[in-house]
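User: Please take a close look at one part of this model and set it in the context of the rest of the chain. A connected account in prose would suit me best.

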Amino acid sequence: MHRYTICALALLSAAPAVRAADYAVGADLSFLKQAEDRGTVFKDNHEGKPCLQIFKDHGYNWIRLRLFHTPTQLPNSLPYTIALAKDAKKLGYKFLLDYHYSDTWADPGKQFLPKAWEKMPHAELVKAVFEYTRQTMSDFREAGVLPDMVQVGNEITNGMLWPDGKLPENWDSFAELVKAGIAGVEAGRGDQPRPRIMIHIDKGGDKVKTKAFFDKLNSYRVSFDVIGQSYYPWWHGSLLDLRENLQFMANEYHLPIIVVEAAYNWAPREYTKKPAPFAESPEGQKEFWEEVNRAVMATPLGLGVGVFWWEPAVSGARGGRGFFDADNNALPVITVFDKLTRR
């Protein structure tokens with residue numbers, strides 16, 4: 001037998017089998033508590049229920065929650081996030097924590113320093129990242145909601161904690177900041193099982209840029225467990241692009257992969273001036289989610305291990321990407337995992 005065939009068979013035999021209970025059917029519900037605290041009642045078949053229960057009834061088993069350092073306009077503080085995590089854990093959800101390392105949104109176009117860290121030199125900033133991560137992880141642990149998985153940064157393709165960790169010019173600094181966050185997770189977990197570490201970028205349909213980022217990151221020997229990708233087709237490419245990249249990542253890096261942010265509109269928004277891959281309608285939104293999940297489940301070596309929808313329980317400007325109509329009644333997309341998870 002040719003030695004490359006032997007190597008391929010060895011990889012296949014070593015690939016982790018994804019048990020049904022391990023596949024992440026997830027939702028980022030970071031705004032949910034705020035909405036329900038303000039009186040929003042979400043409905044399933046026109047019956048009002050706690051929103052976490054609605055998702056649980058339809059096969060969702062993971063919640064993703066973002067954490068801001070000291071938010072002034074958004075609700076995602078440490079006490080708020082702990083309270084929402086407690087509600088989710090009571091229902092049996094697993095918990096993915098998304099550190100933004102900012103007081104507000106962090107994404108490829110902006111990675112603002114927390115105000116408390118603005119004038120720190122690099123060495124002091126690295127220490128601050130470690131101590132903040134360690135302390136907040138300890139707080140989650142003491143509250144009984146230690147995360148099962150942690151993102152060290154949000155969509156960090158262009159770095160984080162700008163300007164110190166901005167990419168591509170500051171790879172050395174960026175790598176030290178990421179390692180400090182990972183070390184903080186480890187230090188804060190106490191005697192509890194170590195949360196898995198995710199590195200999250202926004203190149204779901206871009207094999208070339210995915211390779212450039214992870215090849216460079218790996219050259220710094222950053223230790224992590226899961227690749228996270230965002231995938232919004234109007235920004236990140238076609239479904240064929242997503243499939244190509246999933247195949248590439250599995251074969252190249254041999255790590256579990258999660259599409260940790262995805263969404264699609266149930267009313268016209270992104271495709272008013274060009275043809276859409278799916279109708280921007282309730283049925284088109286459902287079809288999109290089915291196809292994204294199908295692509296992830298078909299990832300080679302069993303390394304596609306989950307999908308998360310970004311903020312399905314929202315209204316207002318982002319409501320068109322949510323799972324609920326103008327009357328807060330669940331749309332057809334909520335049923336995508338019924339046929340996969342119900343017995």
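How many aromatic pairs does the structure hold? With that as a starting point, please examine the surroundings of E280 in detail: where in the chain is E280 found, and which residues does E280 touch?

Analyst: The model is predicted, and its structure holds 37 aromatic pairs. One of them is formed by Y264 and F278, whose rings are arranged edge-to-face, with 5.9 Å from centre to centre and 85° between the planes. Y264 and F278 both belong to the loop between β9 and α10, where 14 residues separate them. Y264 has a relative accessible area of 0% and is therefore buried. F278 also counts as buried, since its relative accessibility is 9% and the limit for a buried residue is under 20%.

E280 is found in this loop too, which runs between β9 (257-262) and α10 (282-297). With residues up to four places away in sequence left out, E280 touches Y264, N265, W266, A267, P268, R269, E270 and Y271. Y264 thus has two roles in this account, because this buried residue is a contact of E280 and the aromatic partner of F278.

The charge of E280 deserves separate attention. E280 is buried yet has no salt bridge, and R321, the nearest side chain of opposite charge, is 7.1 Å away. That distance does not qualify as a salt bridge because the nitrogen and the carboxyl oxygen must lie within 4 Å. What the side chain of E280 does reach is the backbone nitrogen of Y271, at 3.1 Å.

R321 is itself engaged elsewhere. The side chains of R321 and E270 form a salt bridge in which the closest N and O atoms are 2.5 Å apart. This pair links distant parts of the chain, with E270 in the loop between β9 and α10 and R321 in the loop between β10 (304-310) and α11 (338-341), 51 residues apart. E270 is partly exposed, as its relative accessibility is 22%, whereas R321 is buried, with a relative accessible area of 10%. E270 is also among the residues that E280 touches.

The strand that precedes the loop contributes a further charged pair. E261 and R64 meet through their side chains in a salt bridge of 3.2 Å, N to O. E261 lies in strand β9 and R64 in strand β4 (residues 62-67), so that parts of the chain 197 residues apart are linked. Both partners count as buried, E261 because its relative accessibility is 5% and R64 because its value is 0%. E261 and R64 are also members of a network of salt bridges that further includes D28, R66, D98 and E311.

For the chain as a whole, the structure holds 21 salt bridges. A pair away from this region is formed by D148 and K89, at 2.9 Å, N to O. D148 lies in the loop between α5 and β6 and K89 in helix α4 (residues 78-90), so this salt bridge ties together parts 59 residues apart in sequence. D148 counts as partly exposed because its relative accessibility is 25%, and K89 likewise because its value is 26%.

Some backbone features complete the context. On the other side of β9 from the loop of E280, H254 is found in the loop between α9 (239-253) and β9. Phi of H254 is near 55°, a positive value in a residue other than glycine, and H254 is partly exposed, with a relative accessible area of 37%. N45 likewise has a positive phi near 55° without being a glycine; its place is in the loop between β2 (43-44) and β3 (47-48). N45 is exposed, with a relative accessible area of 68%.

The loop between β6 and α6 holds P163 and P168. The peptide bond joining W162 and P163 is cis, with omega about 5°, and the bond from L167 to P168 is cis as well, with omega near 10°.

To return to the part you asked about: E280 is a buried residue without a salt bridge, its side chain reaches the backbone nitrogen of Y271, and one of its contacts, E270, is paired with R321 in a salt bridge.

Notes:
Residues numbered from 1 in each chain as written. Predicted model: local features only at pLDDT ≥ 70, side-chain atom pairs only at ≥ 80, totals over all residues. Heavy atoms only, no water. Helix = DSSP H or I, 4+ residues; strand = E, 2+ residues; numbered from the N terminus. Buried < 20%, exposed > 50% of the residue type's maximum accessible area, 1.4 Å probe, protein only. Lys, Arg positive; Asp, Glu negative; His and termini not counted. Polar contact = N/O pair within 3.5 Å; in protein donor to acceptor, adjacent residues only side chain to side chain. Contact = heavy atoms within 4.5 Å. Phe/Tyr/Trp six-rings, centres within 6.5 Å; stacked < 30°, edge-to-face > 60°.
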